[in-house]
Amino acid sequence: MNHCALPILYSFRRCPYAMRARMALISAEIQVELREIRLKDKPAELITLSAKATVPVLQLTNGDVIDESLQIMQWALAQNDPNQYLIEDQNAEQLIEFNDIEFKHWLDKYKYAVRFPENPIAYYQQHIDQCLTMFEQQLGAKRFLLSDQLTMLDLALMPFIRQCAYVDSDWFFNRYATTLAPWLKRIMHSELFQRCMQKHTVWQPDNPLTLLLPMTKE
Ligand SMILES: N[C@@H](CCC(=O)N[C@@H](CS)C(=O)NCC(=O)O)C(=O)O
């Protein structure tokens with residue numbers, strides 16, 4: 001049982017799924033207890049809540065557990081959405097699915113190409129390029145993927161495209177210099193992203209509470 005009055009988020013700073021969840025929670029101004037974990041040394045508390053033991057996992061104050069990043073985003077923005085990030089758009093849903101399955105598949109190969117020597121890195125980059133071209137087409141001349149306003153779709157995809165960009169940043173920032181590169185930088189430089197990337201020490205049960213949002217001044 002969750003003994004304190006706040007939801008608890010199990011998170012890992014560099015995990016792209018956890019990043020999208022944190023951005024949604026921060027935007028929704030939902031205070032949570034943040035439990036930064038190590039993927040190689042997961043706390044038993046996390047595994048008890050969710051047997052698949054991936055991050056992010058959110059435990060609500062009523063004991064309910066949400067262990068899928070997209071559902072955490074949707075839950076958070078349904079509570080409070082001051083920036084109007086929540087969307088209902090079939091095309092956006094398909095793009096997120098494409099991102100989480102197809103793009104993520106090639107991203108893992110591209111990022112760790114040395115572990116997949118059956119193909120040269122250029123082969124993986126070619127597949128990555130095809131995926132990025134799709135995202136680029138979706139972006140068009142807009143500032144963000146759905147319109148000139150940022151939405152949940154941008155937040156859901158950005159952590160993965162960021163990861164991809166830095167595998168070979170010269171290639172990415174040249175090839176997508178007028179499209180995905182400025183889009184990515186726009187989000188990376190946003191206060192929201194900066195806040196979601198704050199560093200926290202790894203959680204231990206007897207540590208003082210770590211909060212996702214800064215305490216509001218009285
Ligand atoms: N479908 C899940 C995927 C989450 C996921 O795979 N997270 C990775 C970290 S980036 C993880 O926890 N992997 C488990 C591990 O490495 O042991 C979601 O959207 O929340």
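Which residue places a polar side-chain atom 2.8 Å from a nitrogen atom of the ligand? In this predicted model, glutamate 68 does so. Local features were accepted at pLDDT of at least 70 and side-chain atom pairs at pLDDT 80 or more, whereas totals for chains, interfaces and linings use all residues. Residues are numbered from 1 along each chain as its sequence is written, and side-chain values use heavy atoms, with hydrogens and water left out.

Two further polar contacts (pairs of N or O atoms within 3.5 Å) involve oxygen atoms of the ligand: a polar side-chain atom of serine 69 lies at 2.6 Å, and a backbone N or O atom of valine 55 at 2.9 Å. On its own the ligand has 510 Å² of accessible area, and 71% of this is covered by the protein (Shrake-Rupley method, 1.4 Å probe). The residues around the ligand, each with a heavy atom within 4 Å of it, are Cys15, Pro16, Tyr17, Leu39, Lys42, Thr54, Val55, Pro56, Asp67, Glu68 and Ser69. By class, this shell comprises 6 nonpolar, 2 polar and 3 charged residues (Ala, Val, Leu, Ile, Met, Phe, Trp, Tyr, Cys and Pro count as nonpolar, Asp, Glu, Lys and Arg as charged, and the others, Gly among them, as polar).

Valine 55 is joined to proline 56 by a cis peptide bond, with omega about 5°. Proline 56 is located in the loop between helix H2 (44-49) and strand E3 (57-59); helices (H or I, at least four residues) and strands (E, at least two) are DSSP runs numbered from the N terminus.

Pockets were identified on a 1 Å grid over the protein atoms alone, as open sets of points where a 1.4 Å probe fits, with protein on both sides within 12 Å along at least five of seven lines; lining residues have an atom within 4 Å of a point. Volumes are the space filled by probe spheres set on the points, which are joined across faces, edges and corners. The largest pocket has a volume of about 370 Å³. Of its 17 lining residues, Arg14, Pro16, Lys111, Tyr112 and Gln163 lie nearest its centre. Because domain 1 (8-84) and domain 2 (90-145 + 151-189) both give residues to the lining, the largest pocket lies between them (bounds from an automatic or database assignment).

The second largest pocket, of about 150 Å³, has Glu29 and Tyr85 among its lining residues. Glutamate 29, which is not a glycine, has a positive phi of about 55° and is placed in the loop between H1 and strand E2 (33-36).

Note on methods: Polar contact = N/O pair within 3.5 Å; in protein donor to acceptor, adjacent residues only side chain to side chain.
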